[in-house]
Amino acid sequence: MRRLRNLKIVATLGPSSNDYPTIRALFEAGADVFRLNMSHGSHEEIAQRHATIRQIEADTGRPIAILADLQGPKLRCGQFANGAAELEDGQIFRFDLDPTPGEAHRVQLPHKEIFDALEPGATLLVNDGKLRLRVKEHGPDFADCEVIVGGTISNRKGVNVPDVVLPLAALSEKDRDDLHFALDLGVDWVALSFVQRPEDVIEAREIVGTRAAILSKIEKPAAVKAFDAILAVSDGIMVARGDLGVELPVQSVPPIQKRLVRSCRAAAKPVIVATQMLESMIESPMPTRAEVSDVASAIYEGADAVMLSAESAAGRYPVEAVTMMDNVAVEVESDPTYRSVIEASRQAERSTVADGIVSAAREIAETTDIKAICCFTESGTTALKTSRERPRVPILALTPFPATGRRLCLSWGINCYYNEKVERFKMAVVSAARAARAGGYGEGEDKIIVIAGLPFNIPGSTNILRVAPCEERLIFNLEPE
């Protein structure tokens with residue numbers, strides 16, 4: 001089941017996509033990665049979805065990545081005596097630690113660390129920014145705020161504090177429980193929500209170790225400011241435009257998205273663009289033109305993946321949403337402008353032998369009739385460096401490790417195949433030729449490029465490139481030992 005595009009699609013599972021037939025249909029429509037949202041659903045439900053994905057993987061013979069998305073330290077106000085209250089522009093409203101049900105002039109905000117970090121003039125946003133308040137006075141257990149933009153505030157609405165780096169633990173107790181549970185299940189990626197600093201990622205890494213790759217979600221101004229340091233300690237990035245667009249002026253999100261995507265590509269780390277990509281397809285079988293343009297923009301920028309959230313988890317048309325993503329990607333990638341944009345944004349990264357090898361492979365593939373670039377990879381690094389080059393031909397990643405193959409499902413253009421460990425380079429070339437033929441990438445005298453490292457089975461040793469035919473007989477006749 002060969003994809004006809006390089007972009008990867010992440011589909012969130014939920015009530016609308018909770019059984020084998022639907023999840024199988026999502027995969028066949030184009031989903032490469034399935035997201036398990038730890039904010040919704042019991043551990044039992046999530047374990048069942050995980051088992052279903054692995055069954056589909058076994059039935060189709062194709063690696064599938066599973067991403068567990070932790071809830072993070074989400075800030076919420078308390079309960080109201082009448083369920084809600086109306087805030088008027090200009091009035092004073094108090095947040096405090098008192099658990100008494102709230103009313104028109106106060107409500108509990110059960111996060112003492114917020115009051116410790118606040119400063120006069122700081123902004124508080126409620127319910128995705130629909131309500132805006134400014135701190136006038138505050139103490140260790142309260143904050144009196146002027147209502148700048150009023151409206152209805154109701155039970156357990158989210159509160160954002162964009163102006164302040166909050167001294168919150170990177171992982172709440174729920175996150176820690178969910179993280180251990182997800183790692184025991186065997187997920188491939190773990191997404192950290194509301195990352196503010198690189199130390200948040202390092203804290204999670206101490207738990208995760210090498211059991212999964214870590215994806216940092218960029219959704220706070222502090223994370224944008226510390227992005228380079230966060231990227232350095234992360235395995236991948238998600239540009240989570242929902243909360244980012246709440247805490248920052250919405251007009252600043254597109255340039256931030258473009259900058260983060262380019263930085264991730266330069267670092268050879270996958271980046272997902274997420275949130276509200278086909279939002280109208282929650283209720284409609286067709287997206288708006290603006291949504292299609294938004295998806296296309298992310299593809300033109302060179303993002304590794306785009307993500308569906310409620311569209312596939314709770315919407316009425318989950319399979320149609322994935323199909324639409326797939327159709328947009330195929331159309332954009334067939335546009336000559338796409339190649340010119342991608343190639344113009346390529347940054348030369350040739351500080352190591354491996355960088356030089358993958359760059360040479362791309363240049364050879366683009367100047368001769370090469371059908372595919374085949375990478376032998378243990379940790380995935382060689383395939384990621386090849387993906388960074390955004391070559392015009394398919395990338396085949398051959399690895400003996402299922403965990404590596406699954407993680408690479410998130411990265412642009414990489415098609416994963418499992419192979420036995422090899423000891424001689426000639427057999428590596430033969431294995432690559434077999435994979436190319438099996439995947440329909442070439443046959444007979446068609447040429448492929450094979451990248452590997454000698455000696456074999458040592459991560460990070462990429463140092464050899466060979467152009468070879470797809471026909472095994474020709475390999476044995478022409479290739480040296």
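In which helix does A354 lie? In this predicted model, A354 belongs to helix α14, and this residue offers a handy way into the packing of that helix against a neighbour. With a relative accessible area of 13%, A354 is buried, because the cut-off for that label is under 20%. Leaving aside residues up to four places away in sequence, A354 touches K385 and T462. A354 can also be compared with T382: the two are 28 residues apart in sequence, while their C-alpha atoms are 7.1 Å apart in space.

These residues lead to the helix pair itself. Two packed helices are described by the angle between their axes and the distance between the axes. For helix α14, which spans residues 353-367, and helix α15, which spans residues 381-388, the angle is about 50° and the axes lie 9 Å apart. That angle makes α14 oblique to α15, since values under 35 degrees would count as roughly parallel and those from 65 to 115 as roughly perpendicular. The crossing of α14 past α15 is right-handed. On the α14 side, the contact is made by A354, D355 and V358; on the α15 side, T382, K385, T386 and R388 take part. K385 thus appears both in this helix contact and among the residues touched by A354.

Attention now turns to the aromatic side chains. How many aromatic pairs does the count come to? The count comes to three. One of them joins F93 and F95 in an edge-to-face arrangement, with 5.3 Å from centre to centre and 75° between the planes. Are these two residues buried or exposed? Both F93 and F95 are buried.

Y417 and Y441 form another edge-to-face pair, with their ring centres 6.5 Å apart and an angle of 85° between the planes. Y417 sits in strand β19 (residues 414-418), whereas Y441 is found in the loop between α17 (425-438) and β20 (447-453), so the pair ties together parts that are 24 residues apart in sequence. The two tyrosines also carry separate burial labels: Y417 is partly exposed, at a relative accessible area of 23%, whereas Y441 counts as buried, at 7% relative accessibility. The dividing value here is 20%, so Y417 falls above the cut-off and Y441 under it.

A further ring is involved in a contact with a charged group. Which ring does the charged end of R3 sit over? The charged end of R3 is placed over the ring of F27, at 5.0 Å from the ring centre.

Terms used. Residues numbered from 1 in each chain as written. Predicted model: local features only at pLDDT ≥ 70, side-chain atom pairs only at ≥ 80, totals over all residues. Heavy atoms only, no water. Phe/Tyr/Trp six-rings, centres within 6.5 Å; stacked < 30°, edge-to-face > 60°. Buried < 20%, exposed > 50% of the residue type's maximum accessible area, 1.4 Å probe, protein only. Helix = DSSP H or I, 4+ residues; strand = E, 2+ residues; numbered from the N terminus. Lys NZ or Arg CZ within 6 Å of the ring centre and 35° of its normal. Axes fitted to C-alpha atoms, helices over the stretch in contact; angles between N-to-C directions. Parallel < 35°, antiparallel > 145°, perpendicular 65-115°, else oblique. Left-handed = near helix turned anticlockwise from the far one by under 90°. Contact = heavy atoms within 4.5 Å.
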